Amino acid sequence: MAVATRPAQKLTVDEVCAELQIARSTFYDWRQKGRGPRCIRLPNGSLRIRRVDFENWLMECEDAA
């Protein structure tokens, strides 16, 4: 019997920016420089960030501080 698993939560760029209290331009600047969290590009061009990737990225930032 297969158990349905809930897909990992995905955040929008706006949700990530709100949580970090940063401007969208800052997020895209970090992304362009390869310093932001891993993103998924959807077929419509919008980005999503897996919650687990976001949390891992935050821990990496903490370790680097």
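This is a chat about the charged pairs and ring pairs in a predicted model.

Q: Let's start with the charges. How many salt bridges are there in the whole structure?
A: A search of the whole structure turns up 5 salt bridges. As background, side chains of opposite charge can pair when their charged atoms come close.

Q: OK, which residue does R24 meet in a salt bridge?
A: That would be D14, with 2.5 Å from N to O. The pair links distant parts of the chain: R24 sits in helix α2 (residues 24–32) and D14 in helix α1 (residues 13–20), 10 residues apart.

Q: And are those two buried or exposed?
A: Somewhere in between. R24 has a relative accessible area of 39%, so it counts as partly exposed. D14 is partly exposed too, at 45%.

Q: What about R51, which residue in helix α1 does it pair with?
A: R51 forms a salt bridge with E19, and their closest N and O atoms are 3.2 Å apart. This pair also links distant parts of the chain, since R51 is in helix α3 (residues 51–64) and E19 is in helix α1, 32 residues apart.

Q: Which residue in helix α3 forms a salt bridge with R51?
A: E55 does, with the closest N and O atoms 2.9 Å apart. E55 and R51 are 4 residues apart in helix α3, about one turn of the helix. Salt bridges with shared partners therefore join E19, R51 and E55 into one network.

Q: How exposed are the members of that network?
A: R51 is partly exposed at 22% relative accessibility. E19 is partly exposed at 42%, and E55 is partly exposed at 33%.

Q: Switching topic: how many aromatic pairs are there?
A: The count comes to 3 aromatic pairs. One of them is W30 with W57: the ring centres are 5.8 Å apart and the planes are at 45°, so the pair is tilted.

Q: Where do W30 and W57 sit?
A: W30 is in helix α2 and W57 in helix α3, so the pair ties together parts 27 residues apart in sequence. W30 is partly exposed, at 22%, whereas W57 is buried, at 11%.

Q: How are the rings of F54 and W57 arranged?
A: Their centres are 6.1 Å apart and their planes are at 25°, so that pair is stacked. Both residues lie in helix α3, 3 residues apart, about one turn of the helix.

Q: Is F54 buried or exposed?
A: F54 is buried, with a relative accessible area of 0%.

Q: Last one: which residues do the ring pairs link into a cluster?
A: W30, F54 and W57.

Conventions
Residues are numbered from 1 along each chain as its sequence is written. This is a predicted model: local features need pLDDT of at least 70, side-chain atom pairs count only at pLDDT 80 or more; totals for chains, interfaces and linings use all residues. Side-chain values use heavy atoms; hydrogens and water are left out. A salt bridge is a side-chain nitrogen of Lys or Arg within 4 Å of a carboxyl oxygen of Asp or Glu. Helices (H or I, at least four residues) and strands (E, at least two) are DSSP runs, numbered from the N terminus. Buried means under 20% relative accessible area, exposed over 50%, partly exposed in between (1.4 Å probe, protein chains only). Rings of Phe, Tyr and Trp (its six-membered ring) pair if their centres lie within 6.5 Å; planes under 30 degrees apart count as stacked, over 60 as edge-to-face and the rest as tilted.
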